[in-house]
Amino acid sequence: MAGPLMPKATAVWLVENTALTFDQIAEFCSLHPLEVQGIADGEVATGIVGQDPIKSGQLSPEEVARCERDPKARLKLREPTVPLMRRTKGPRYTPVAKRQERPDALAFLLKNHPELDDVQICKLLGTTKQTVNAVRNRTHWNSANIKPRDPVLLGLCTQTDLNRELAIKRLNRDPNEAPPQPVHFDEDDDSANDDY
């Protein structure tokens, strides 16, 4: 069972403002009954300001009154009236330490998975189309040092995410369409260095 948001502060308020038993308060706040007794005696939680669970919507006044009348009854937490916010899918955050590896991952995807479009690559690696084009056209400021490396091994995306994007592309591809040509990043090829 979930308890109140601030258990000790709630217990302080309930001890000071209600006629609930120590056992009722202890069970509701997930505390030991001796700890609640210590709160009542002023030995525990001396600096904690009480938090009103009725004002915060965690308890109703009727629920408190019901349990005050019956010492064996147990307090029941109210269901939240405001739905919890779920995180929306937004741009993927890449830690600062991993950002320097992103161009290598871009080069790997452009070389090994040319069927992925720029939007899919941006979504997978949390980058921009401008960076994808710079790596593809070898106009990136660090082009001389870019070496294709697997983004899954670098920790920039998961294998599941990569497989999902590849499956989406395969399902949406026209069967008569020729597969796209990969971008080559040959280290031994002298002509590749002419673009730098």
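A salt bridge here is a side-chain nitrogen of Lys or Arg within 4 Å of a carboxyl oxygen of Asp or Glu. Keep that in mind, and select arginine 66 together with glutamate 63: the two form a salt bridge, with their closest N and O atoms 2.6 Å apart.

Before going on, a word on what is loaded. This is a predicted model, where local features need pLDDT of at least 70 and side-chain atom pairs count only at pLDDT 80 or more, while totals for chains, interfaces and linings use all residues. Residues are numbered from 1 along each chain as its sequence is written, and side-chain values use heavy atoms, with hydrogens and water left out.

**Stop 1: the whole chain**

Switch to cartoon view. The protein chain has 11 helices and 0 strands; helices (H or I, at least four residues) and strands (E, at least two) are DSSP runs, numbered from the N terminus. Of its 196 residues, 35% count as buried, where buried means under 20% relative accessible area, exposed over 50%, and partly exposed in between (1.4 Å probe, protein chains only).

Now think about contacts, meaning heavy atoms within 4.5 Å. Among the contacts with a separation of 6 or more, 63% are between residues 24 or more positions apart. Turn on the surface and you are looking at about 12900 Å² exposed by the protein chain, with carbon and sulfur atoms supplying 52% of it. Those accessible areas come from the Shrake-Rupley method with a 1.4 Å probe; for residues, only the protein chains shown count as cover.

**Stop 2: back to helix H4**

Go back to arginine 66 and glutamate 63. They sit 3 residues apart in helix H4, so about one helical turn separates them. Which of the two is buried? Glutamate 63 counts as buried, at 12% relative accessibility, whereas arginine 66 is partly exposed at 29%.

**Stop 3: more salt bridges**

The structure holds 9 salt bridges. Select arginine 74 and glutamate 27 next: their side chains meet in one of them (2.8 Å, N to O). This pair ties together distant parts of the chain, 47 residues apart, with arginine 74 in the loop between H4 and helix H5 (96-99) and glutamate 27 in helix H2 (residues 22-29). Arginine 74 is partly exposed at 30% relative accessibility, and glutamate 27 is partly exposed at 45%.

Then pick arginine 149 and aspartate 104, another salt bridge (3.1 Å, N to O). Here too the pair links distant parts of the chain: arginine 149 lies in the loop between H8 and H9, aspartate 104 in helix H6 (residues 102-112), 45 residues apart. Aspartate 104 is buried, with a relative accessible area of 10%, while arginine 149 is partly exposed at 34%. Add Glu101 to your selection, and you have one network with Asp104 and Arg149, joined by salt bridges that share partners.

**Stop 4: leucine 77**

Stay in the loop between H4 and H5 and click on leucine 77. What does leucine 77 touch, not counting residues up to four places away in sequence? The answer is Ala2, Gly3, Pro4, Phe28 and Gln58. Measure to phenylalanine 28 if you like: the C-alpha atoms are separated by 8.0 Å, though the residues are 49 apart along the chain. Leucine 77 counts as partly exposed, at 27% relative accessibility.

**Stop 5: H7 against H8**

Two packed helices are described by the angle between their axes and the distance between the axes. Select helix H7 (residues 118-125) and H8: their axes come within 9 Å and cross at roughly 110 degrees. Axes are lines fitted to C-alpha atoms, for helices over the stretch in contact, and angles run from 0 to 180 degrees between N-to-C directions. H7 is therefore roughly perpendicular to H8 (under 35 degrees is roughly parallel, over 145 roughly antiparallel, 65 to 115 roughly perpendicular and the rest oblique).

Show side chains at the contact. From H7 you have Asp118, Val119, Ile121 and Cys122, meeting Lys129, Val132, Asn133 and Arg136 in H8. They divide into 4 nonpolar, 1 polar and 3 charged; Ala, Val, Leu, Ile, Met, Phe, Trp, Tyr, Cys and Pro count as nonpolar, Asp, Glu, Lys and Arg as charged, and the others, Gly among them, as polar.

**Stop 6: two positive phi angles**

Finish with the backbone. Alanine 45 is not a glycine, yet its phi is positive, near 60 degrees. Find alanine 45 in the loop between helix H3 (33-41) and helix H4 (61-69), where it is buried at 19% relative accessible area.

Arginine 138 also has a positive phi, about 60 degrees, although it is not a glycine. Look for arginine 138 in the loop between helix H8 (129-136) and helix H9 (151-154). Is arginine 138 buried or exposed? Arginine 138 is buried, with a relative accessible area of 15%.
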